[in-house]
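Q: I am new to this structure and would like a close look at one part of it. Please take the side-chain pairings and the packing around them, and go through them step by step.

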Amino acid sequence: MVWVRAWVWVCGFFATLTLLPPTCGDPRALPQRGEGVLERAPPSRPAPMWDQPRLKPFFENTTRTRVVGAAGRTVYLHCRVGHLGDRAVTWIRRKGAHVLTVGLFTYTTDNRFTAVHSEGSNDWTLRIDLAQRADSGVYECQVSTDPKMSQPFHLQVVEAAAEVAGPRELHMVSGSNINLTCKVTGSPEPPQYIYWYRGATLINYSSRGGISVVTDKLSRTSRLILTRATTADSGNYTCAPANAEPASVSVYILTGEQPAAMQGGESAGVHCPARLTQLLLAITVANFHHLARR
């Protein structure tokens, strides 16, 4: 029986060997590249954030692309870009293709142009200090994508100024009412305020009674009324809006005889004193008789 058990063990051992693959234990028999074995390609590089369709940079349509600014003031062009990633925003002026700013760096010798950006914000603003009418034109906000993205901005710089109705000099009788009306023209937006000055002093209600100032921002006008003017009210009156050049008028309050040109109350008129007329007539007659005798 012992030899039977030994025979069964030997048969089982050789049967196990026959089940092993022919390459077992022989490294030279391993399949080599190109011998019908599929090779797995390495994983591809992840697509950058800006290459994904939903995360590409885009211009927000909440910004104004047509801007009107006042000469001598600061003008802002706001360019808002979403999903900018690591791309740069460039401001150029289309006329001459002058590069003004790249990111927060200025590339023009005109230091009136600067780029403004707050960290975490998508607003890249071009700031123009002391704007001039020559600054009017088309500007482009560009993003360094491939192909390049660009959005144009149209800037118009106008000269805003105040204008006081009537002549530049007013001669009035003591006791009349001073009535001055100022209007702002050429301003891209209504002024936040309109102040009145007499000389260098701001006119206020505490200086004297009988002062009235009515300002209408919608029509961009302001009206100054001083009742019962005296000689102390004579001076240079200036209308000074917040966003426009000021305008001035000289007011003279006189007592006694009226001069040749004088405004009384709220209406203007030209008065010729009787004494002056008689004097001119007498001089004319005298000259006529003198010539007749010769």
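A: What follows goes from the whole protein to its aromatic pairs, its nonpolar cores, its salt bridges and one aspartate.

The model is a predicted one. The protein has 294 residues, and buried residues make up 28% of them. Its secondary structure consists of 2 helices and 21 strands. Among the contacts with a separation of 6 or more, 60% are between residues 24 or more positions apart. The protein exposes about 20000 Å², and carbon and sulfur atoms supply 57% of that area.

Aromatic pairs come first. A search of the whole structure gives 2 of them. In one, the ring centres of Trp91 and Phe153 are 5.2 Å apart and the planes stand at 55 degrees, so this pair is tilted. Trp91 belongs to strand β4 (residues 89-93) and Phe153 to strand β10 (residues 149-158), so that the pair links distant parts of the chain, 62 residues apart. Trp91 has a relative accessible area of 1% and is therefore buried, the cut-off being under 20%. Phe153 is buried too, because its relative accessibility is 0%.

The other pair is made by Tyr193 and Tyr195. Their rings are stacked, with 4.4 Å from centre to centre and 25 degrees between the planes. Tyr193 has 37% relative accessibility and so counts as partly exposed. Tyr195 also has 37% relative accessibility and is likewise partly exposed.

The nonpolar cores are next. In soluble globular proteins, nonpolar side chains tend to be buried together. The largest nonpolar core here has 24 residues, and those that touch the most other members are Ile178, Leu180, Trp196, Leu224 and Tyr237. Several strands each supply at least two residues of this core: β11 (161-164), β12 (169-173), β13 (178-185), β14 (194-198), β17 (221-226), β18 (235-241) and β19 (247-254).

Trp196 shows how this region is packed. Setting aside residues up to four places away in sequence, Trp196 touches Val164, Leu180, Cys182, Thr201, Leu202, Ile203, Val213, Ser222, Arg223, Leu224, Thr238 and Cys239. Two of these, Leu180 and Leu224, are also named with Trp196 among the residues that touch the most other core members. A second core, separate from this one, has 22 residues, including Val67, Trp91, Val143 and Met149. Trp91 thus has two roles in this account: Trp91 is a member of the second core, and the ring of Trp91 is paired with that of Phe153.

Charged side chains also pair. The whole structure contains 6 salt bridges. One of them joins Glu140 and Arg94, whose closest N and O atoms are 2.8 Å apart. Glu140 is in strand β9 (residues 137-143), while Arg94 is in the loop between β4 and β5 (98-102), so the bridge ties together parts 46 residues apart in sequence. The two partners differ in exposure: Glu140 counts as buried at 12% relative accessibility, whereas Arg94 counts as partly exposed at 43%.

Another salt bridge joins the side chains of Arg112 and Asp135, with 2.9 Å from N to O. Arg112 sits in the loop between β6 (105-106) and β7 (113-116), and Asp135 in the loop between β8 and β9, so this pair ties together parts 23 residues apart in sequence. Arg112 is buried, with a relative accessible area of 12%. Asp135 is buried as well, at 3% relative accessibility. Arg112 and Asp135 also belong to a network of salt bridges that includes Asp110.

A further salt bridge brings together the side chains of Arg127 and Asp129, at 2.7 Å from N to O. Arg127 is partly exposed, because its relative accessible area is 29%.

The last residue is Asp123, which lies in strand β8 (residues 123-128). Its relative accessible area is 13%, so Asp123 is buried. The side chain of Asp123 makes a polar contact of 3.1 Å with the side chain of His78. Another polar contact, of 2.9 Å, joins the side chain of Asp123 to that of Thr125. Leaving out neighbours within four places in sequence, the residues in contact with Asp123 are His78, Cys79, Arg80, Val116 and His117. His78 is therefore both a contact of Asp123 and a polar partner of its side chain, and Asp123 itself is buried.

Conventions
Residues are numbered from 1 along each chain as its sequence is written. This is a predicted model: local features need pLDDT of at least 70, side-chain atom pairs count only at pLDDT 80 or more; totals for chains, interfaces and linings use all residues. Side-chain values use heavy atoms; hydrogens and water are left out. Helices (H or I, at least four residues) and strands (E, at least two) are DSSP runs, numbered from the N terminus. Buried means under 20% relative accessible area, exposed over 50%, partly exposed in between (1.4 Å probe, protein chains only). A polar contact is a pair of N or O atoms within 3.5 Å; within protein, one must be able to donate a hydrogen and the other to accept it, and residues adjacent in sequence count only if both atoms are side-chain atoms. Contact means heavy atoms within 4.5 Å. Rings of Phe, Tyr and Trp (its six-membered ring) pair if their centres lie within 6.5 Å; planes under 30 degrees apart count as stacked, over 60 as edge-to-face and the rest as tilted. A nonpolar core is a set of buried Ala, Val, Leu, Ile, Met, Phe, Trp, Tyr and Cys residues joined through side-chain atoms within 4.5 Å. A salt bridge is a side-chain nitrogen of Lys or Arg within 4 Å of a carboxyl oxygen of Asp or Glu. Accessible areas come from the Shrake-Rupley method with a 1.4 Å probe; for residues, only the protein chains shown count as cover.
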